[in-house]
Structures are given as structure tokens and as C-alpha cells.
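Me: I have a structure open and would like to go through it in small steps. Can you help me read it?

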Amino acid sequence: MVQINNLTNNTRKTVASMGHFSVMEYERDASVSPFNAVNEYFMSKMDVRRRQVTVELDGSNTVVTQAGAMQWSAGSIRATTGIKGMGDLFGKMFRGAASGESAIKPEYTGAGLLVLEPTYKFIILQEVSAWGAAGMAIEDGMFLACDGTVEHKLVARKNASSLLAGNEGLFNLSLRGQGVAALESNVPLSELIEVRLENDELKIDGSLAVCWTASLDFTVERSTKTLIGSAVSGEGLVNVFRGTGKVLLSPVAPTDSLRSATNTRAAKAADPTSNTFGH
């Protein structure tokens, strides 16, 4: 039997829950040193806070996480690779290489509490089944965790021009089925703009889409039909979504400092001994 005390207190509180998932937010980070206390103070005033996902496992459910996302667990919880054979291994390696996500995502089973690494990004909980039979596609690097009942697929963009768009690839990870997914976003859910399409199109300059209906046609195109028109408009390539479905859109792009502050799990996966969130 495991008893956990002081998980939430006057500095940490639960701000969102869905299914077996909960999100804790640090109202005030008291674990500071004299050398970074000033930065921590002003960060708290600007709502820059640490957030953590906790998952309750009752013996009947499983959870899949991004590699290196686990911070600690209590109870009889076991981690597996979730690989069901060589074919499954090669398929996951291909999905990882194509989507930019980690190839092998740990799968946790058993009974107890799983706590993920803190992040300064906002955590968005979504019921995958609410996105319909096609499921939801997500932008690279935003997947954090999901129920083991959620199916992972790749959604291909409909043209090869995305190769010309710098950081844009040909594939995105999609999730479908029953279960909850936890995504990392640069802005809170309350600020995301929801655009619903009915046989129409949406054009976005940059990777501002957090997630979208996987059945939408997703292409990367010139902003106008001619190169001269693109030069005059000041816009180059844009992400285009066509069809029927919805898109959750961020109103702002991440800054370089935010990318740097939140890009920690890859380093931890490469070096498990590192303490990237230590003071």
C-alpha cells in the first residue's frame, strides 16, 4: 500500500483533470536559491509556472508517454517498450523518424501513481474520441502522454512541397480511438482559437496549429499562385487545411527562449543522469 501526502498544497494545486490524468500547477516555486530567486519571482508574476501531469493507474489501464517524460512513480508500476514484434519496432522507428517524435514511447502498467517531469509549457487534456473517427493530428513535439487505448498513426501531408518549408515535414503524428491525450502547448487552452471548417480552407503562416482533425487535407503551399505575388505579399509558404473538421490554433508563435526552456526531455533521454530542472 502506498500513501502519498503533500502532493498538492498551498504552492501546488490541481488545475485540470480528465479521465486518469490530472495537471498540477506551481502557484509559487519555493525551491529556489539566492542566485535565481529574482528570476523566479518575476516569472511567477507573468504566469510562467511549472506544470506537471499525474496519472492514476488502477491495474486495468495503461499510459504511454514521450521518452524521458517520467519523473517518479509510486506503487507497482512497470515500464515496457510496448513493442509487439520486429514489425511493430520498425513501424515505430519509421513513425518517430517521420514525425520528429521519439521512436519508442514507454508504456506504463500496474497500479499506483505516475508523475511526469515538470514543464513550463501549458498542458492541454483532450478526449481523443471527441475528434471523431479520424482522430486528431498534432504538431511535432507537442505529444506528452496518452491512454494506452489510443492508437498512434501517421498522417501524410498531401504534397511534397513541405520539404521546402524548412522545419516542416511530410508527416504528423495522429491519435484516434478512446482515451485522453496530454499535449504541451505554448499557450493555455483558454487562448487557443478554434476554427471549424465545412468544406472550406484555412491558411496559416507558420506552425501555429496545435492539433486538427486528422481527416483534413494538410498541405504546404505558396501564399499566392505566383512567386512574384508571394514576394509582393511578403509571405512565402503557408500551411493549408482543407475539408471538414476543426483546428486548434495558437495566436502566438513560441520564442527561442521558450523552446530552449522546454526542450529538456530529449536531453534527459540521451543522458538519464542529468537534472535539467534542478536549481
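What follows is a chat about confidence, charged pairs, cores and a few single residues.

Me: What kind of model is this?
Reply: It is a predicted model. The protein chain averages a pLDDT of 81, and 73% of the residues score at least 70.

Me: Where does pLDDT stay under 50?
Reply: Residues 85-90 are one such stretch, with four contacts in the model beyond four places in sequence. Residues 227-234 are another stretch under 50, and there the model has nine contacts beyond four places in sequence.

Me: How should I read the coordinates where pLDDT is low?
Reply: Where pLDDT is low, they should not be read in detail.

Me: OK, charges now. How many salt bridges are there?
Reply: The structure holds 10 salt bridges. One of them joins the side chains of lysine 13 and glutamate 27, at 3.8 Å from N to O.

Me: Which parts does that pair tie together?
Reply: Lysine 13 lies in strand 1 and glutamate 27 in the loop between strand 2 and helix 1, so the pair ties together parts that are 14 residues apart in sequence.

Me: Are those two buried or partly exposed?
Reply: Lysine 13 is partly exposed, with a relative accessible area of 39%. Glutamate 27 is partly exposed too, at 31%.

Me: What about glutamate 25, where is it found?
Reply: Glutamate 25 is in strand 2, which covers residues 21-26.

Me: Which residue does glutamate 25 meet in a salt bridge?
Reply: The side chain of glutamate 25 meets that of arginine 49, at 4.0 Å from N to O. Arginine 49 sits in the loop between helix 1 and strand 3, and the two residues are 24 apart in the chain.

Me: Why does glutamate 25 count as buried?
Reply: Because its relative accessibility is 12%, and buried means under 20%. Arginine 49 also counts as buried, at 15%.

Me: Does anything else join in, and if so, what is linked in a network?
Reply: Glu25, Asp47, Arg49 and Arg51 are linked in a network of salt bridges. Within this group, arginine 49 and aspartate 47 form a salt bridge, with their closest N and O atoms 2.7 Å apart. Aspartate 47 is partly exposed, with a relative accessible area of 35%. The side chains of glutamate 25 and arginine 51 make a polar contact at 2.9 Å.

Me: Change of topic. How many residues has the largest nonpolar core?
Reply: The largest nonpolar core has 19 residues, and Met136, Ile138, Leu175 and Cys211 have the most contacts inside it. Strands 8, 9, 11, 12 and 14 each give two or more residues to this core. Another core lies apart from it, with 17 residues, among them Val23, Ala69, Ile123 and Ala182.

Me: What is methionine 136 in contact with?
Reply: Beyond its neighbours within four places in sequence, the contacts of methionine 136 include Trp131, Leu173, Leu175, Leu183 and Cys211.

Me: And aspartate 147, which strand is that in?
Reply: Aspartate 147 lies in strand 9, residues 143-147. Aspartate 147 counts as buried, at 8% relative accessibility. A polar atom of its side chain lies 2.8 Å from the backbone nitrogen of valine 180. Leaving out residues up to four places away in sequence, aspartate 147 touches His20, Phe21, Thr62, Val63, Gly179 and Val180.

Me: Last one: how far apart are alanine 156 and threonine 219?
Reply: They are 63 residues apart in sequence and 9.1 Å apart in space, C-alpha to C-alpha. Alanine 156 is in strand 10 and is partly exposed, with a relative accessible area of 34%.

Methods
Residues numbered from 1 in each chain as written. Predicted model: local features only at pLDDT ≥ 70, side-chain atom pairs only at ≥ 80, totals over all residues. Heavy atoms only, no water. Helix = DSSP H or I, 4+ residues; strand = E, 2+ residues; numbered from the N terminus. Buried < 20%, exposed > 50% of the residue type's maximum accessible area, 1.4 Å probe, protein only. Polar contact = N/O pair within 3.5 Å; in protein donor to acceptor, adjacent residues only side chain to side chain. Contact = heavy atoms within 4.5 Å. Core = buried A, V, L, I, M, F, W, Y, C linked by side-chain atoms within 4.5 Å. pLDDT = per-residue confidence, 0-100.
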